[in-house]
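Let's take a walk through this protein, looking at its surface, its cysteines and its rings. Have the model open as you read.

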Amino acid sequence: QLVRADDVMTRGALTIQADGWRRFQYNPRLDAIAATIPRGTIFDRNGVPLAASNAGDLWKARATYAELGVPLTHMKLENGRRMYPFGGRTFHLLGDLRNRVNWAASNTSYIERDSRIRLQGYDDYAAVVEVRQPDGTMSELVREDFRELIPLLRHRYQLEHPRVKHILERPRDVRTSIDIRLQLAAEQILERYARQVGRGAGAAAVVMDPATGDLLASAGYPWPGELPVRDAEEAAPALIDRARYGIYPPGSTFKIVTAMAALRKDQGLARQTYECTALPDGRVGNRVRGWGRPIRDDVTDRVPHGTVDMQKGIRVSCNAYFAQLATYAVQAQALHETADLLGIKVARPNTPEQLKDALPQAGYGQGQVVATPFQMARVAATVANDGAMPEGRWVTDASNTRTAEPVRILAGMPEGFIARSMREVVTAGTARQLSGVEPAIAGKTGTAEVQGKPSHSWFIGYAPYGAATQAREAQDGKGKRIAFAVIIENGGYGGRAAALAAGEIVRKAAELGLVE
């Protein structure tokens, strides 16, 4: 106790508790001190509290909550109690500190967990250890370390002591990039389109600032109906963060990645043409040398696309063109390298050698290609951001760990070429129903086939598109853009459900002043 006083004071003791289970117990004085440090508040980008332990923080924003349709009358405001005014609608972003449901899942990025040290104001994590329980089973327990709180115990009557002030004056609030107004609107839109599909369909949307990578909305449907979640197994479908971690075949939205890979390899491939012809079964497409089955375009395509170059291939979303481009010109190594830069897996295992076995299908986003809405939003952001892919972040204060510089995917002419092609998708291609939306959208539809079920409906893009916006950005730096990805599970043709939902989200973002 004299030589290693701090170790003795903070060491946990394994004790058998009332339920017969061994758990760590700690110095009760340190436990009591930890309870006196209020956990920080999590704010959206405009200062609206998303989670708080201080009732005053919520009460100050009561007018904003009322405008958002969330009056505080539904909540019990109590200091020290963790409160989530938006309930399950922010669960995928925040998690739930009260019961830590789904806390150990690797496909989550809960701010309550990941920003734990900042929110607490100290780091109490020591290790995860295996403990043999009385019944002989082994269990993993978190061993905590309250060493940082020792000054608050030793100098508990000296509140002005430098070591005490150092701990108590640390910033504990977390600022996020999320605009809760857009988040709630996107969730309402997704819910409506998913319910139209029925059959328990889910949906997701990611909206980001392509220049900074700030996520303005990361919405997924369904979400937990109430917090805390009482039955995790029953609520399992609602616990999935579809926006950032939902894995789907990207369908034709991946053609933008194939186009990037081609232009990275040789800019002249923008002019390379391939044929799309009538097939004996009444469909349209073409055969790829060395492959037994022909490549077919969407069932809605009844007229062959004829001679197709890259711009036309993107505009009309020609599978046959991109299958031939990937196989004959891009090839496995270049496509794998580009997809890898964008964080997208194209094979299992994810190697160029494995990709060779399904290259025609991979060229148009099928086969073994899988991506998340977050990853596809970054693809759209890359086009909007002059060929540089932002990492993407949702925490904007000093506790943010996603600090990597944008990755240069394209340079020079190519990204402008792809942007024009994506604009033609909206003005004269597979998303013509969005041609009248303001601000102007550049985008790409996707219809991702799913075995035994209707296809997933995808749409990715950015807004506003146009030389006037680009000139204004260059002149005064005030132009605002958003990039986005939307998926409606089993929603069918991408030019319908997902594209229409994306159009509504863009209009809402413009209404909120998030685009100019």
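Is Y125 buried, partly exposed or exposed, and what is its relative accessible area? This is a predicted model, and in it Y125 comes out as partly exposed, because its relative accessible area is 42%.

## A patch on the surface

Y125 belongs to strand β5, which covers residues 125-132. Together with V128 and V142, Y125 makes up a nonpolar patch on the surface. The accessible area of the three adds up to about 260 Å².

## Cysteines without a bond

If you're hunting for disulfides, the count here is 0. C276 is in none, though its nearest cysteine sulfur, that of C318, is 3.8 Å away. A disulfide needs the two sulfurs within 2.5 Å, so this pair doesn't qualify. Both cysteines are tucked away from the surface: C276 is buried at 2% relative accessibility, and C318 is buried at 0%.

## Rings meeting rings

Across the whole structure there are 13 aromatic pairs. One of them is Y221 with W223, an edge-to-face pair with 5.4 Å between centres and 80 degrees between planes. Y221 is buried at 12% relative accessibility, and W223 is buried at 13%.

Y321 and F322 are also edge-to-face, because their planes sit at 90 degrees, with the centres 4.9 Å apart. Both residues are buried. They join Y274 and Y328 in one aromatic cluster.

## Arginines over rings

Y328 has a charged partner too: R289 lies over the face of its ring, 4.2 Å from the centre. Elsewhere, R175 lies over the face of F43, at 4.4 Å from the ring centre.

Conventions
Residues numbered from 1 in each chain as written. Predicted model: local features only at pLDDT ≥ 70, side-chain atom pairs only at ≥ 80, totals over all residues. Heavy atoms only, no water. Patch = residues over 30% accessible without salt bridge, like charges linked within 9 Å, V, L, I, M, F, W, Y side chains within 5 Å. Areas by Shrake-Rupley, 256 points an atom, 1.4 Å probe, with all protein chains shown as cover. Salt bridge = Lys/Arg side-chain N within 4 Å of Asp/Glu carboxyl O. Helix = DSSP H or I, 4+ residues; strand = E, 2+ residues; numbered from the N terminus. Buried < 20%, exposed > 50% of the residue type's maximum accessible area, 1.4 Å probe, protein only. Phe/Tyr/Trp six-rings, centres within 6.5 Å; stacked < 30°, edge-to-face > 60°. Lys NZ or Arg CZ within 6 Å of the ring centre and 35° of its normal.
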